[in-house]
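Hi there,

Here is the structure I promised to pass on. Have a look at it first, and then read on for what turned up when I went through its hollows and its ligand.

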Amino acid sequence: MRKPQSLRKQLLLRLTLPLTLVVVLDTAVSYFVALHYTNQAYDRWLLDSARSLAQEVKTYKNKVTFELPPIAVEVFRWDDTDKTYFKVESEATGFMAGDRELPGPKPAALDKAQPSFSDGEFQGRPVRVVSVVTEPTETSGEVWVSVAETLRKRQSMMEEILLAVVLPQVLLVLVTGLHFWTGINRGLKPLRDLAGMIARRSPKELSPIPDSGVPLEVRSLTRTINELLRQLAEAMGAQRRFIENAAHQLRTPLAGLKVQAERALRADDLEDMRPALGRIKNAADRASHLTTQLLVLARSEPGMDATHPFVPVDLCQLARETCMDWVPKVLDRGMDLGFEPPDAPPPVVRGDPTLLRELLNNLIDNAVCYGPERGQIVVSVGNGPSPSLAVEDGGTGIPDMERERVFERFYRIPGSPGEGCGLGLAIVREIAELHAARIGIGTGPGQRGTRFEVVFDREAGG
Ligand SMILES: Nc1ncnc2c1ncn2[C@@H]1O[C@H](COP(=O)(O)OP(=O)(O)OP(=O)(O)O)[C@@H](O)[C@H]1O
Ligand SMILES: [Mg+2]
């Protein structure tokens, strides 16, 4: 199973990560821009030094000279942080003054119009070197002046710039991150409140969650939960009514059983006992029939379908076998039971064979109970555009106004014969709905009696 992700962490990450990236990029750009200008300032200063030394290159009697008093050299070299070096070379006489080994570009590569900057190493330390070319007179030849300095000032300046640029940016990220964190926490509070409100509810409290105070984005969630609560309340109400009805219905045969048993106990001999025993049997039959019906109804509840995996069912075979089971009882009542198979091929639907058999049992049972004595019952299977099952009888029929109510649980049309408990058609409807089938009531042959037809969806065919 995937680990649940924290919304707070995700939001924080999605907000701070791009911010951090932008800040890092901005810091890098600011740092390199500042570095460029600082180096430029130091380079200019170094160039000024080289040019001021070049001013001291003179000619005397057509000979190039460079004379700087030791005190001036000392002043020139003085720097409390870095070391400064210089070298003066002439095209005519070679090395003239300064540090002979000072690195720098080859004199031939130097341009008179442009100073040349280069990086090198002198006395084991990295140095920045600038070289300029001067020509005191037209005949004196070129004189090259190089000035170099170590990089300490530049390095400490780089560190200071880095600190000045990075520190505020880090602070910015921290303050913004903190702001995001409190903002996200505040934003998620309605969700926490909602979770708390639901957690505090008792399992019986199924009233809808109030919309007030719930942000727009969370309303679709509360609406879904409310719809679920409404359905749950409805289902629980139906279940409560069903249990009350079932208990009420069971109480009658059980009370009858008790009364008759007491009466039988009071009888002196078997002959006196016989009528009470007969009534005990009837009451036991009713209780057993009611219990069977209740169990079938419970099994056909929509939530139970997982325990009954659907398989392809041949409706023709199912109807034929069910009819065979009913033959003895039908014959007992002097009735006739006919079976009409469809034209080939036999229809196959996906369904639960046990429940489909219960459906047909209840329809045939009604036809037997409410059909006329010596009447005819016809069970037919159709394979038209949609597979269907039908049961017809030539009885009194069901009036139009009762055709909806007869499917209600425990409802019986007043004055109905027999000992039924009013659950048969409720079971039929439940099973039909489970199989996505439609059920209709019509009249039997010759506009007499009743015809129940269950029509299955072709899509559901197996
Ligand atoms: N074929 C029919 N002809 C006439 N009336 C019928 C027919 N089928 C059902 N009814 C009427 O519909 C009512 C409800 O039928 P349902 O099968 O649900 O209950 P029941 O037969 O009374 O009891 P149960 O089937 O649970 O033993 C019946 O009481 C009866 O009045
Ligand atoms: Mg019935």
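The largest pocket holds about 970 Å³ of space. Please keep in mind that this is a predicted model. The pocket is lined by 42 residues, and D365, N366, C369, Y370 and R412 are the ones that lie nearest its centre. The elements that give two or more residues to this lining are α5, α6 (315-332), α7 (353-370), α8 (424-434) and β14 (450-455). Of these, α7 gives the largest share, with eight residues. By class, the lining of the largest pocket has 16 nonpolar, 16 polar and ten charged residues. At least three of its residues come from domain 2 (219-299), and at least three from domain 3 (303-460).

Now to the ligand. Which residues come nearest to ligand 1? There are 20 residues around ligand 1, and H289, Y370, R412, S416 and L425 come nearest. Two of those names, Y370 and R412, also appeared above among the residues nearest the centre of the largest pocket.

Three polar contacts may interest you at the bench:

- R412: an N or O atom of its side chain is 2.5 Å from an oxygen atom of ligand 1.
- L425: a polar backbone atom of this residue is 2.8 Å from an oxygen atom of the ligand.
- C421: here too a polar backbone atom is involved, 3.0 Å from an oxygen atom of the ligand.

How much of ligand 1 does the protein bury? Taken alone, ligand 1 exposes 590 Å², and the protein buries 98% of that.

Next comes the second largest pocket, with a volume of about 620 Å³. It is lined by 22 residues, and the closest to its centre are A235, A238, Q239, E301 and R409. Two elements, α4 and α8, give two or more residues to the lining of this pocket. The largest share, eleven residues, is from α4. The lining of the second largest pocket divides into eleven nonpolar, three polar and eight charged residues. Domain 2 (219-299) and domain 3 (303-460) each supply at least three residues to this lining.

There are closed spaces as well: the structure has two cavities of 30 Å³ or more. The largest cavity has about 50 Å³ of space, and its lining is made up of Q249, P253, R286, H289, L290, E419, G420 and C421. Both α4 (216-266) and α5 (270-299) give two or more residues to that lining, and α5 has the largest share with three. Sorted by class, the residues lining the largest cavity are three nonpolar, three polar and two charged. Domain 2 (219-299) and domain 3 (303-460) each contribute at least three of them. You will recognise H289 in this lining as one of the residues that come nearest to ligand 1. C421 also lines the largest cavity, and its backbone makes one of the ligand contacts listed above.

The second largest cavity has a volume of about 30 Å³. Its lining consists of L35, T38, N39, R154, M157 and M158. The elements giving two or more residues there are α1 (7-54) and α3 (152-200). Three of the lining residues are nonpolar, two are polar and one is charged.

Happy to go through any of this with you whenever it suits.

Best wishes

Methods: Residues are numbered from 1 along each chain as its sequence is written. Chains are lettered from A and ligands numbered from 1 in the order in which they are written. This is a predicted model: local features need pLDDT of at least 70, side-chain atom pairs count only at pLDDT 80 or more; totals for chains, interfaces and linings use all residues. Side-chain values use heavy atoms; hydrogens and water are left out. On a 1 Å grid over the protein atoms alone, a cavity is a set of points where a 1.4 Å probe fits but cannot get out, and a pocket is an open set with protein on both sides within 12 Å along at least five of seven lines; lining residues have an atom within 4 Å of a point. Grid points are joined across faces, edges and corners, and a volume is the space filled by probe spheres set on the points. Helices (H or I, at least four residues) and strands (E, at least two) are DSSP runs, numbered from the N terminus. Ala, Val, Leu, Ile, Met, Phe, Trp, Tyr, Cys and Pro count as nonpolar, Asp, Glu, Lys and Arg as charged, and the others, Gly among them, as polar. Domain bounds come from an automatic or database domain assignment. A residue is near a molecule or strand if one of its heavy atoms lies within 4 Å of it. A polar contact is a pair of N or O atoms within 3.5 Å; within protein, one must be able to donate a hydrogen and the other to accept it, and residues adjacent in sequence count only if both atoms are side-chain atoms. Accessible areas come from the Shrake-Rupley method with a 1.4 Å probe; for residues, only the protein chains shown count as cover.
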